[in-house]
Structure formats: structure tokens, C-alpha cells
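Please open the structure in your viewer and keep the selection panel at hand. The tour proceeds by selection, with a statement of what is to be found at each stop.

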Amino acid sequence: MAASADDGVTDERAEREEVERLRAELRDLRARARVYPLVSQAQGMLRERYRLADAESAFALLQRASQRFNIRMRTLVDAVVTTPGPERPEAMWFPRRVRSPEPGLRLSAARDAGERNRGGVLGAVLSQTLAVVGTDMGNVQLADRVHGGLRIEKHTGLTPDFVDFFGYVGDRGTSCAKAAQDVTQVTVHDVGTDPVFTEPAREAILTAGSRACHSVPLTTASGLCLGMVSAHVDRPLGELTPAQLKVLDALGAETGRWLAWHEHTVVLDALEHLHALGRAARGSRLRRS
């Protein structure tokens, strides 16, 4: 019996679905591969420091501190791995720390960030940036404390393959890397012709439907770049107006100051809390919630 046209359409659809399933699985494996070594390293450090019974107990400490201070596990793990440990097991971790008040966020999107957790602020900053540029595609990256470079933290309107490809970027080959290196706003008027991109990066951006982009550094008062917010546009982009650039510059500076405060206050509070839990649990076996 001859196959019908419907059978061919069904087979083609099934093949596309299987390819997409495999691509999603590959993206997930890559994401896990980026995070797992750091989690494992942090678990080993905590097990040794607090003489915990097993790696599960160390993960339970991380989970409790993460939930208590509403910060992502990846953020806490990065801090554990990169922050010198307490001078003595029985002492406070940061006894000479001077606390500073939370800096104000004057721009509307940031003011509406709800609980003022980092995810909410980054989401609001992304929304404000896209509104200024006039697009609905973009992402926020933060400086990677362990490896250097930039890591995507928030995104909207971008394809899963884009987010996978640019999940982590180094110090060259992209416009956001150039903006971070020069600590200045960078406009790519046409992705197809701009020499800042490597060819794989150019192809990934064009495939995602972006033809132009604008990147804004998130900077501290001393000019240190802590991250990047980028808007992607589905058509070639002209010059932004001085008024747009001024608003984006202020947004990047406000956000950078807030991120610096969060890192030196909320993240360190979470580490101190983890330290207190670890001292209390010394030698014990804990389970995650």
C-alpha cells in the first residue's frame, strides 16, 4: 500500500520534534556541565571546613542559606568558592565588615522591582532598557566571579539556542565583551557586517532574529564593570539619540551601584549565615529541604 501524503507530513513533524528534544537535552547538559563542578567544589570546601558527614549535608547548608537570603544557588556557590574562608572556625566570617545602606533606584522600572532581590532588579533593568531602545529582545549578563567573562542571568524574546550559545562569553568576539572591556556603551548597527563578532557568534545572533544590538555596562562608582544589559533589534539600527544614551548610562550606573551593594551586603550576609549553620552542624548529617 502506497504511503499517503499525511504519513510524510507526520514523519517530518516527528523528526523535527525529535531534533528539538535532542537539542533541548544538549542545552540542559551544557548548563549542568557549567554549574556542577563549582557546586562540587563548594561542597568539598564546606565538608572539610565543618567536618560534615557527606556532600548531601554540604548541599543542605548551601540550600538553606540560598533560600534564607533569596539568592540563587549559583551566586552563593560562586561566593563560597572565590571568598577566602573565615580566619578561625569559631569566629565570624567577616568581623570587620562595614555595612552600607541599600542605594536608591530612581528609574521607574527599578523602583517597581518588588522585593528588591537581584532577579527582580535585573528583570526591571532589562525591561527599562528595551523600552528605551524600542525592542522586545534582550538579555542581562553578570561578570563571572570564577572564570571572568560574562554569564547570562536574565533574557526575554531570545531563542533557547541563542541563550545556550551565549550563556557564557569570554573577553572577545562579541559586542558585549567589547563594551565590558572598554566600559562604554556599544552599538552594533548591523550584525551582518560588524567586525566585532566571530563568525560563529554572528551566525548565532542572526539565526535568533537579531540584526542589531546595543550594550550598556553596569558599572560601580569607581568604574568597575559588574555586568551588561543588551537590547537586540530585528532590523539594522541607527544611532541612538543623546537623550537615550544619557538615560541608559544612568540606568547602568544605578544598577551597577546596586549590584555592588548586593554583593557586599546580601551575599556576605548569606555567607555569614551559612557559616553559622555550618558551625552548629559540625560533624552532623543534614538533608536538603
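**An edge of the sheet**

Select β4 together with strand β5 (residues 212–219): the two pair in the antiparallel sense over 3 bridges. The model on display is a predicted one. Within this pairing, V188 stands opposite C213 of β5, and V186 has S215 of β5 as its bridge partner.

Now widen the selection to the sheet to which these strands belong. The sheet is open and has 6 strands, in the order β3-β2-β1-β6-β5-β4, with antiparallel pairing. Which strands stand at the edges? They are β3 (168–169) and β4 (186–188); each has a single partner strand, so one side of each is left without a neighbour in the sheet.

**Strand β5 and its hairpin**

Return to β5 and display its side chains. Are the residues of this strand mostly covered or mostly uncovered? The strand is mostly covered, with 8 of its 8 residues buried. In a regular strand, side chains alternate between the two faces of the sheet. In β5, A212, H214, V216 and L218 point one way, while C213, S215, P217 and T219 point the other way, and all of them are buried.

Next, add strand β6 (residues 225–233), which runs antiparallel to β5 and is joined to it by 8 bridges. One pair to label is L218 with its bridge partner in β6, G227. Then move to the connection of this hairpin, where 5 residues lie between the strands. Select G223 there and inspect its backbone: G223 takes a positive phi near 90°.

**A buried asparagine in β1**

Select N139, which is found in strand β1 (residues 137–143). Its relative accessibility is 3%, below the 20% cut-off, and N139 therefore counts as buried. What does N139 touch, once residues up to four places away in sequence are set aside? The list consists of L126, I152, K154, H155, L158, F162, M228, V229, S230 and H232. Among these, M228, V229, S230 and H232 fall within the residue range of β6, 225–233.

**From helix α5 to a distant partner**

Proceed to Q128, whose place is in helix α5 (residues 118–133). With a relative accessible area of 15%, Q128 is buried. Add L251 to the selection and draw a C-alpha to C-alpha distance: the two residues are 8.4 Å apart in space, although 123 residues apart in sequence.

**Two helices, α9 and α10**

L251 lies within the range of helix α9 (residues 242–264), the next selection, which is to be shown with helix α10 (residues 266–280). These helices pack at an angle of about 10°, with their axes 3 Å apart. They are therefore roughly parallel to each other. The contact is made by W261, H262, E263 and H264 of α9 and by V266, V267 and L268 of α10. By character, the residues of this contact divide into 4 nonpolar, 2 polar and 1 charged.

**The whole protein**

Finally, clear the selection and view the whole model. The protein has 10 helices and 6 strands, and 47% of its 289 residues count as buried. About 14,800 Å² is exposed, of which carbon and sulfur atoms supply 53%. Of the contacts with a separation of 6 or more, 64% are between residues 24 or more positions apart.

Definitions and conventions: Residues are numbered from 1 along each chain as its sequence is written. This is a predicted model: local features need pLDDT of at least 70, side-chain atom pairs count only at pLDDT 80 or more; totals for chains, interfaces and linings use all residues. Side-chain values use heavy atoms; hydrogens and water are left out. Axes are lines fitted to C-alpha atoms, for helices over the stretch in contact, and angles run from 0 to 180 degrees between N-to-C directions. Helices (H or I, at least four residues) and strands (E, at least two) are DSSP runs, numbered from the N terminus. Angles under 35 degrees count as roughly parallel, over 145 as roughly antiparallel, 65 to 115 as roughly perpendicular and the rest as oblique. Contact means heavy atoms within 4.5 Å. Ala, Val, Leu, Ile, Met, Phe, Trp, Tyr, Cys and Pro count as nonpolar, Asp, Glu, Lys and Arg as charged, and the others, Gly among them, as polar. Two strands pair if DSSP finds at least two bridges between them. Buried means under 20% relative accessible area, exposed over 50%, partly exposed in between (1.4 Å probe, protein chains only). Accessible areas come from the Shrake-Rupley method with a 1.4 Å probe; for residues, only the protein chains shown count as cover.
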